[in-house]
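Biologist: I would like a close look at a single part of this protein, the place where its helices pack against one another. Could you take me through that part slowly, residue by residue where possible, and then set it against the rest of the chain?

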Amino acid sequence: PSFTYELVTHNRFVIGGVVSATAPLDDVSRMRFSDLMGRVFIEEKPEMKIVRAGFLNRALGHEPFENMLDAYRETGVIDAADAALVRRVFPDVRYLMLAHIEQDQVRQNHDQSETDVADSKEDAKKGDYDQVRVNVSMTTTREMGATLTIYDLRQDVMAWTGYVSGSETNSNDTSRTFNKDKRWKEELVDVFVDSLIGLNSGEYPAPPSQDKVLSNIFEGFAENMPEPPKR
């Protein structure tokens, strides 16, 4: 209840970092995602006073900083001893923010559609469609979900937590036109589609980057911060 808009705008936050339960992140990825979270909050909530994770890493020292993130990754909660370390190096900061990636899945899918095509406008008027255009859309989707924890360093309590999921999709669209003769569907279209979705065809697009999906998730967190009271 004490996590109000007034306190949010009158106190400083430090980004503790980003960890993942799906696969361990190396030091570079942790800092990249942590910096991304800081940038998103600064852009979306300029009224919040944000200290980026790089400053905390420098103040704590790399090993204590990584140990704090490892403990948070394993338990999903902020250890009181780690909170005390943060409080010691940043006595004027009230809130510590950490994000925990809970889900990171990539899916591939394809959709097929067929459209009748006439050789000419005259044939189309007569309803004479001798060709068919086959459209195949290949999609690769990345879906991620993360938990944000905001810890009150003064009261030693969790002030706020929430879960946000998001997804992004990349697609490749391919089309080919066939004549409607000589068993076109069985002999040609099926071969065309099978060649696109074959395991080794490489026609599926690369998955969207983690950074792109996480940016949307961090925006979701920022949007859920306390709002000013209505008058």
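**The helix packing, contact by contact**

Modeller: In this predicted model, the residues Asp27, Arg30 and Met31 of α2 meet His62, Phe65, Glu66, Leu69, Asp70 and Arg73 of α4. Sorted by class, the residues of this contact of α2 with α4 divide into three nonpolar, one polar and five charged. Two packed helices are described by the angle between their axes and the distance between the axes. For α2 and α4 the angle is about 80° and the axes are 12 Å apart, which makes α2 roughly perpendicular to α4.

Within this contact, Arg30 deserves a separate look. Arg30 has its place in helix α2, which spans residues 27-44, and with a relative accessibility of 5% Arg30 counts as buried, because the limit for that class is under 20%. Leaving aside residues up to four places away in sequence, Arg30 touches Glu66, Leu69, Asp70 and Arg73, and also Val18, Val19 and Leu25.

Helix α4, residues 62-75, has a second helical partner in α3, residues 53-60, and the axes of these two helices come within 6 Å and cross at roughly 120°. An angle from 65 to 115 degrees would count as roughly perpendicular, and α3 and α4 are therefore oblique to each other. On the α3 side the contact involves Ala53, Leu56, Asn57 and Leu60, while on the α4 side it involves His62, Pro64, Phe65 and Met68. By class, this contact of α3 with α4 holds six nonpolar residues, two polar ones and no charged ones. His62 and Phe65 are thus among the α4 residues that meet α3, and they are also among the α4 residues that meet α2.

Helix α3 in turn packs with α5, at an angle of about 95° and with the axes 10 Å apart, and α3 and α5 are therefore roughly perpendicular to each other. Leu56, Ala59 and Leu60 of α3 make this contact with Leu85, Val86 and Val89 of α5. The residues involved in the contact of α3 with α5 divide into six nonpolar, no polar and no charged. Leu56 and Leu60 of α3 take part here, and both also belong to the contact of α3 with α4.

Turning to α5 itself, which covers residues 80-89, the buried residues of this helix are Asp82, Ala83 and Val86. They cover an arc of only 100° around the axis, and so they lie on the same side of α5. The elements that cover these buried residues include the helices α3 and α4 as well as the strands β1 (12-20), β3 (93-117) and β4 (131-152). At the N-terminal end, α5 is capped by Asp79, which has a side-chain oxygen 2.9 Å from the backbone nitrogen of Ala81.

Just before α3, in the loop that joins it to β2 (49-51), one finds Arg52. Arg52 counts as partly exposed, because its relative accessibility is 28%. Not counting residues up to four places away in sequence, Arg52 touches Val14, Ile15, Asp35, Arg39 and Ile42. The C-alpha atoms of Arg52 and Leu36 are separated by 9.5 Å, although the two residues are 16 residues apart along the chain.

For a view from the strands, Ile101 is found in strand β3, and at 1% relative accessibility Ile101 counts as buried. Beyond residues up to four places away in sequence, Ile101 touches ten others, namely Val18, Val19, Ser20, Ala21, Thr22, Phe33, Met144, Gly145, Ala146 and Leu214. Val18 and Val19 appear in that group, and Arg30 touches both of them as well. From C-alpha to C-alpha, Ile101 and Gly145 are 6.0 Å apart in space, with their positions 44 residues apart in sequence.

Set against the rest of the chain, these helices belong to a protein with eight helices and five strands, and along the sequence the elements follow the pattern α-β-α-β-α-α-α-β-α-β-β-α-α. Of its 231 residues, 42% count as buried. Among the contacts with a separation of 6 or more, 78% are accounted for by residues 24 or more positions apart.

Terms used
Residues are numbered from 1 along each chain as its sequence is written. This is a predicted model: local features need pLDDT of at least 70, side-chain atom pairs count only at pLDDT 80 or more; totals for chains, interfaces and linings use all residues. Side-chain values use heavy atoms; hydrogens and water are left out. Axes are lines fitted to C-alpha atoms, for helices over the stretch in contact, and angles run from 0 to 180 degrees between N-to-C directions. Helices (H or I, at least four residues) and strands (E, at least two) are DSSP runs, numbered from the N terminus. Angles under 35 degrees count as roughly parallel, over 145 as roughly antiparallel, 65 to 115 as roughly perpendicular and the rest as oblique. Contact means heavy atoms within 4.5 Å. Ala, Val, Leu, Ile, Met, Phe, Trp, Tyr, Cys and Pro count as nonpolar, Asp, Glu, Lys and Arg as charged, and the others, Gly among them, as polar. Buried means under 20% relative accessible area, exposed over 50%, partly exposed in between (1.4 Å probe, protein chains only). The arc is that of the directions from the helix axis to the C-beta atoms. A polar contact is a pair of N or O atoms within 3.5 Å; within protein, one must be able to donate a hydrogen and the other to accept it, and residues adjacent in sequence count only if both atoms are side-chain atoms.
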